[in-house]
Amino acid sequence: MSDKFPETLAMRFSSQSFALLAFLAIPLVIVLGVLAHQLIDPELARGTADYVGNYALLERLRQACLILSFALAGGLWFLAFGLLLVARQRSLLWLVLAFLGPLGLVAVAVVGRAPAAGGERAAWPWRLAREAAIFVAIVVLAHFLVYAKNEVLIAWTAASRGVESAVIIAEQTASSGMWAFGEFLQILFLTGLFYLVRPLVGSRKPT
């Protein structure tokens, strides 16, 4: 194992691990921001000496919590992407791909690690075909997991409310656009998660 930073397996593993942790923190930050937004009720200003001013202050505070959570989530995403680039020995100029969301991870996976000087490169047609197959498999798996999660959620909600599953499905159908968008975001998140986990699973000592 080389002692140089770009070739240190432990450092690559560390960068990939921290990238995964930063990525996993994104939904937590968003959930906490939304929760704080819901818990801060501007009507708490009722009965105070300056109702109008306090109401406006609480309203700005709850909006700030929401904005801050999304801003922090964005920062965590760019941090995760940057750490992955470091692990893959790529220039941070590739960070522009982060604007593609989790799909940017697919592009990084296709180019892989920067090849060593004089090293052999995999044939591009084979690599593209392989990565395309992996991408399809990951998306299908993510879609299946989201579908299975929804089925479990429907059954649990129906049981807790004492109604038929058809009632819960009808409620979801009434707001199908919101549910479809939510499922799309979940599939994107799982796709990105799998692409971040993949290098950790497949890490091996370079020869």
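# Pocket, helix and salt bridges

Me: Which residues lie nearest the centre of the second largest pocket?
Reply: A pocket here is an open set of points on a 1 Å grid over the protein atoms alone, where a 1.4 Å probe fits, with protein on both sides within 12 Å along at least five of seven lines; lining residues have an atom within 4 Å of a point. The lining of the second largest pocket counts 15 residues. Nearest its centre are Ile 26, Pro 27, Ile 30, Leu 185 and Phe 189.

Me: What should I keep in mind about the model and its numbering?
Reply: This is a predicted model, where local features need pLDDT of at least 70 and side-chain atom pairs count only at pLDDT 80 or more, while totals for chains, interfaces and linings use all residues. Side-chain values use heavy atoms, without hydrogens and water, and each chain's residues are numbered, as its sequence is written, from 1.

Me: Which element gives the largest share of the lining of the second largest pocket?
Reply: Helices are DSSP runs of H or I with at least four residues, numbered from the N terminus. Two or more lining residues each come from α1 (9-39), α2 and α6 (176-202). The largest share, five residues, belongs to α6.

Me: How far apart are the end C-alpha atoms of helix α2?
Reply: Helix α2 covers residues 51-87, 37 residues in total. The expected span is 1.5 Å times one less than the number of residues, so α2 should span 54 Å. The model agrees, with its end C-alpha atoms apart by 53 Å.

Me: Which residue just after α2 takes a positive phi?
Reply: Let's look just past the end of this helix. There, a positive phi of about 60 degrees is taken by Gln 89.

Me: Within the salt bridge of α2, is Arg 62 buried or exposed?
Reply: A salt bridge puts a side-chain nitrogen of Lys or Arg within 4 Å of a carboxyl oxygen of Asp or Glu, and Glu 59 meets Arg 62 in one at 3.5 Å, N to O. Both lie in α2, three residues apart, about one turn of the helix. Glu 59 is partly exposed at 24% relative accessible area, where buried means under 20%, exposed over 50% and partly exposed in between (1.4 Å probe, protein chains only). Arg 62, at 16%, counts as buried.

Me: How many salt bridges does the structure hold?
Reply: Besides the pair in α2, the side chains of Arg 46 and Glu 43 meet at 2.8 Å, N to O. Arg 46 is exposed at 61%, whereas Glu 43 is partly exposed at 29%. For the structure, the number of salt bridges is two.
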